[in-house]
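User: Hello! I am new to this structure and would love a close look at a single part of it. Could you take me through it step by step?

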Amino acid sequence: MMPDGAFEPLQPALADIANALARLKRVEQWGQLDAVRGAALTVSGFGRAVAIGDRVTMHGTGAPVPGEIVAFAGDQVTVMAEGSAVGLTPGARVVLAETPELYPCAAWLGRVIDGLGRPLDGAGVLPQGSHPMPLRRPAPPAFQRRLIGKRLETGIRLIDVFVPVCRGQRLGVFAASGIGKSTLLGMMARFVAADVIVVGLIGERGREVREFIDVILGPEGLRRAVVVVATSDQPALTRRRAALATLSVAEWFCGQGKQVLCLLDSVTRLAQAQREIGLAAGEPATARSYTPSVFAELPALLERAGPGAEGQGDITGIFTVLVDGDDHDEPVADAVRGILDGHLVLDRRIGERGRWPAVDVLRSVSRALPRCHSTDENTLLADARALMSAFDNMAELIRLGAYRAGSDPQVDLAILKQPEFERFLGQGIDERSPAAEAFATLGEILGR
């Protein structure tokens with residue numbers, strides 16, 4: 001006879017086995033491949049046993065090709081392949097696969113995964129939680145959510161003072177390529193006062209993934225982070241799934257009462273992936289060839305971030321938007337700006353003159369203001385903005401030497417203070433600045 005408690009070490013293993021058995025498919029359903037037209041594959045034989053979003057596996061002469069059902073008409077469904085269709089033959093067997101679900105747990109912190117929850121970092125098997133998180137979930141009902149919480153310190157002077165972020169707020173970072181979006185996200189991930197960070201690198205260059213994780217995010221940031229990756233060379237379905245998985249992981253930690261910072265880079269590449277999927281499904285192209293489903297997908301995803309319900313944490317979302325050709329009114333940027341609770345605008349000209357982060361303060365807005373600042377802080381902010389605006393309005397005349405000192409006392413003061421403002425707004429990548437010190441420094445600049 002075994003002593004009392006001898007079976008206790010076996011209980012976690014048995015629970016894992018039971019969870020794995022519960023996820024197994026019990027019935028195999030299959031159809032056949034009828035036609036391949038570019039990215040759209042036509043399959044018949046499933047009848048009414050399938051739905052939009054179901055995954056399939058296609059078996060041809062080569063390796064099995066995964067795919068997803070994106071449209072149907074009568075007995076025929078349209079499948080988009082996740083990879084090359086080379087090797088698929090007429091009548092190839094198409095098997096219905098299991099619906100992807102994630103099983104997050106606290107042991108995912110410090111790991112790098114793909115949109116199916118598979119490890120990419122070579123750090124061994126990824127532990128699995130006991131409760132599934134579907135990739136697609138509706139946003140919480142509006143009246144079940146709490147209000148936006150108190151100010152969340154990012155450690156970046158410019159943001160904490162001029163474009164503050166509160167717990168549960170959603171902020172967009174709008175910029176063209178090469179102006180420091182990823183660097184700014186890495187600074188937030190290292191400095192921000194959050195319990196958990198979930199990073200989604202969507203459509204990122206393969207070379208830059210390792211650089212972001214090892215250099216920009218660093219060991220300190222990675223310890224409390226889960227990174228979801230889909231590189232630019234991967235299929236559109238894979239890129240979209242990684243974005244959905246990023247929000248699903250963030251929602252799991254939020255449900256555990258954690259304050260979650262969700263960084264998604266970038267929403268534009270998600271929109272481009274959805275455009276490819278929509279075109280394969282037969283949708284009409286609209287503004288700049290984006291399909292209608294793109295503008296339905298964006299709010300469905302972005303609204304999942306925000307304040308949690310009572311007893312939960314919050315998901316503070318920072319979403320980057322890669323503006324096409326420096327056009328901040330292009331369709332995706334315009335749609336996202338209307339959904340989020342504020343936006344940071346990065347300007348190439350500011351970076352070219354050597355000030356980083358290259359944020360254009362006067363074009364950036366936080367809808368958490370003025371509530372998240374104290375009365376004194378709002379006064380300092382208003383006075384600083386007024387002087388910056390006065391300088392900006394006369395900048396061309398000042399550079400040409402056409403402005404005469406004494407013409408306007410406010411402009412004279414703005415010219416005097418401009419070098420100090422530039423030093424205040426600039427910040428090193430490893431320099432953390434508490435908000436209290438930032439406001440004290442701003443007060444000294446303004447002579448308070």
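Which strands close into a barrel, in what order, and is the pairing parallel or antiparallel?

Analyst: Happy to help! A word on the ground rules comes before the barrel. This is a predicted model, in which local features need pLDDT of at least 70 and side-chain atom pairs count only at pLDDT 80 or more, while totals for chains, interfaces and linings use all residues. Residues are numbered from 1 along each chain as its sequence is written, and side-chain values use heavy atoms, with hydrogens and water left out.

Now to your barrel. It is closed by 6 strands in the order E1-E2-E5-E4-E3-E6, and the pairing is antiparallel. Helices (H or I, at least four residues) and strands (E, at least two) are DSSP runs numbered from the N terminus, and two strands pair if DSSP finds at least two bridges between them. On average, neighbouring strands of this sheet are turned by 45 degrees against each other, direction ignored. Such angles come from axes, which are lines fitted to C-alpha atoms (for helices over the stretch in contact), and they run from 0 to 180 degrees between N-to-C directions.

Let us zoom in on one pair of strands. E4 (residues 65-73) pairs with E5 over 6 bridges, in the antiparallel sense. Phe72 stands opposite Val77 in E5. Helix H6 (residues 267-280) lies across E4, E5 and strand E2 (40-44), and runs at about 150 degrees to E5. Contact here means heavy atoms within 4.5 Å.

Staying with E5, we can follow the chain into the loop that comes after this strand. Glu82 is in the loop between strand E5 (76-81) and strand E6 (93-96), and its partner Arg241 is in helix H5 (residues 236-255), 159 residues apart. The two form a salt bridge, with the closest N and O atoms 2.4 Å apart. The term salt bridge stands for a side-chain nitrogen of Lys or Arg within 4 Å of a carboxyl oxygen of Asp or Glu. Buried means under 20% relative accessible area, exposed over 50%, and partly exposed in between (1.4 Å probe, protein chains only). Because its relative accessibility is 5%, Arg241 counts as buried, and Glu82, at 12%, counts as buried too.

Helix H5 takes part in another such link. Arg137 forms a salt bridge with Glu251, the closest N and O atoms being 3.7 Å apart. Arg137 lies in the loop between strand E9 (133-134) and helix H2 (157-162) and Glu251 in H5, so this pair ties together parts that are 114 residues apart in sequence. Glu251 is buried, with a relative accessible area of 10%, whereas Arg137, with 35%, is partly exposed.

Stepping away from the barrel, the structure holds 33 salt bridges. One of them joins the side chains of Asp341 and Arg170, at 3.3 Å from N to O. Asp341 is in the loop between helix H8 (331-339) and strand E16 (342-345), and Arg170 is in strand E10 (residues 170-175), so to speak a link between distant parts of the chain, 171 residues apart. Asp341 counts as buried at 17% relative accessibility, and Arg170 is buried with a relative accessible area of 7%. Elsewhere, Glu204, Arg205, Arg207, Glu208 and Glu211 are linked in a network of salt bridges.
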